Amino acid sequence: MKQPLSRRNFIRSGAIIAAASATSGGHSVAQTSSSEGARSPIRLGVASYTFRNFNRAQMIEYLKQIQVTELNVKNVKDHLPADPAEEAKALQDYTAAGISLHAAGAIYFAKDEEAEIRDKFEYCKRAGISVIVAGDPTPETLPRIEKLVKEYDIRIAIHNHGPEDRLWPSPLDVLRSLKGTDPRVGCCIDVGHTVRAGTDVVKAVREVGPRLYNVHMKDLTDFRNKESQVAVGEGLIPVRRIFESLIAIKYAGFVDLEYEIHAEDPMPGVIGSLAYMRGVLAGMGLAIHS
């Protein structure tokens, strides 16, 4: 297991908070302590895929260090195994650590077979998870998925995957396919894939509106280049404007950091990303509560 965060990293985090509070998304904002102001309606979490090269025990220690208690979990390593007995042990570990599971994914629905789809709903039901982030379900599977959404009362958030995705490059493509479906069938907006699809992510948040059930946050220095990902705050993603749009639509879900680079040593980027987002919220006069 890697060592706890160094003093250097904590100092770097403080500097990023100060910078984000001073300027965000091109807007000048007042510096505000996170202990002041209205409670932030934006709730920050982490996608466990960020720690895909680390086991559950290591990830829990990292979450404690960055003071995050909300997890969007994926069946990778031993984060949340599909086997019911192993899943139960994982849930015990998360409960003991004070970590809540608010979403699971991405979960893939490649086959239009009820038994296979039902297994995935059962997996989430056992964990008390209320949102399934669905990776590329085919249009043919949507009626069966919708049927189980109604039965289990678990929401589906279809994840867009950018220009390489033949089905759902943009959240607006997802939205067009949801007309007439149960309102619990909705979107997960991945902000990086959205801008790479040529979609204005700020407007997309407002258009998806009440169908938005999860947000994956990342940053890019080039909206045409998937490989240009950096820590949040170091690229061009308009974080403050996204937060403003989420507040405008009264978004009740989580903004989950999905840091996909430096898989062997993600913590510096994770620290910087969360510090920046917390700093943006503080600069908006919103208090962050653990």
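In which strand is Ala106 found? Select residues 100-108 and you have the answer, since this stretch is strand 6 and Ala106 is found in it; helices (H or I, at least four residues) and strands (E, at least two) are DSSP runs, numbered from the N terminus. Now show the backbone from Gly105 to Ala106, where the peptide bond is cis, with omega near 5°. Most peptide bonds are trans, and most residues other than glycine have a negative phi.

**Before going further**

This is a predicted model, in which local features need pLDDT of at least 70 and side-chain atom pairs count only at pLDDT 80 or more, while totals for chains, interfaces and linings use all residues. Residues are numbered from 1 along each chain as its sequence is written, and side-chain values use heavy atoms, with hydrogens and water left out.

**The whole protein**

Colour the model by pLDDT, the predictor's confidence in each residue, from 0 to 100. The mean for the protein is 89, and 87% of its residues reach 70 or more. Residues 1-35 have a pLDDT below 50, and beyond near neighbours in sequence this stretch has 55 contacts in the model, a contact being heavy atoms within 4.5 Å. With a cartoon view switched on, the secondary structure comes to 10 helices and 14 strands. Of the 290 residues, 54% count as buried, where buried means under 20% relative accessible area, exposed over 50%, and partly exposed in between (1.4 Å probe, protein chains only). Among contacts between residues at least 6 apart in sequence, 74% join residues at least 24 apart.

**Helix 2 and helix 3**

Two packed helices are described by the angle between their axes and the distance between the axes. Select residues 56-65 for helix 2 and residues 84-97 for helix 3, whose axes come within 11 Å and cross at roughly 20°; axes are lines fitted to C-alpha atoms, for helices over the stretch in contact, and angles run from 0 to 180 degrees between N-to-C directions. Helix 2 is therefore roughly parallel to helix 3, as angles under 35 degrees count as roughly parallel, over 145 as roughly antiparallel, 65 to 115 as roughly perpendicular and the rest as oblique. To see what makes the contact, show Arg56, Met59, Ile60 and Lys64 of helix 2 together with Lys89, Ala90, Asp93, Tyr94 and Ala97 of helix 3.

**Helix 3 and helix 4**

Keep helix 3 selected and add residues 114-127, which form helix 4; the two pack at an angle of about 30°, with their axes 10 Å apart. Helix 3 and helix 4 are therefore roughly parallel to each other. Here Pro84, Glu87 and Leu91 in helix 3 meet Tyr123, Arg126 and Ala127 in helix 4.

**Two lysines with positive phi**

Move next to Lys77, in the loop between strand 5 (70-73) and helix 3. Its phi is near 50°, a positive value in a residue other than glycine, and Lys77 counts as exposed because its relative accessibility is 52%.

For the last stop, select helix 9 (239-248) and strand 13 (254-257), with Lys250 in the loop between them. Within helix 9, Val239, Arg240, Ile242, Phe243, Ser245 and Leu246 are buried. Just after this helix, Lys250 takes a positive phi of about 60°, although Lys250 is not a glycine. Is Lys250 buried or exposed? At 72% relative accessibility, Lys250 counts as exposed.
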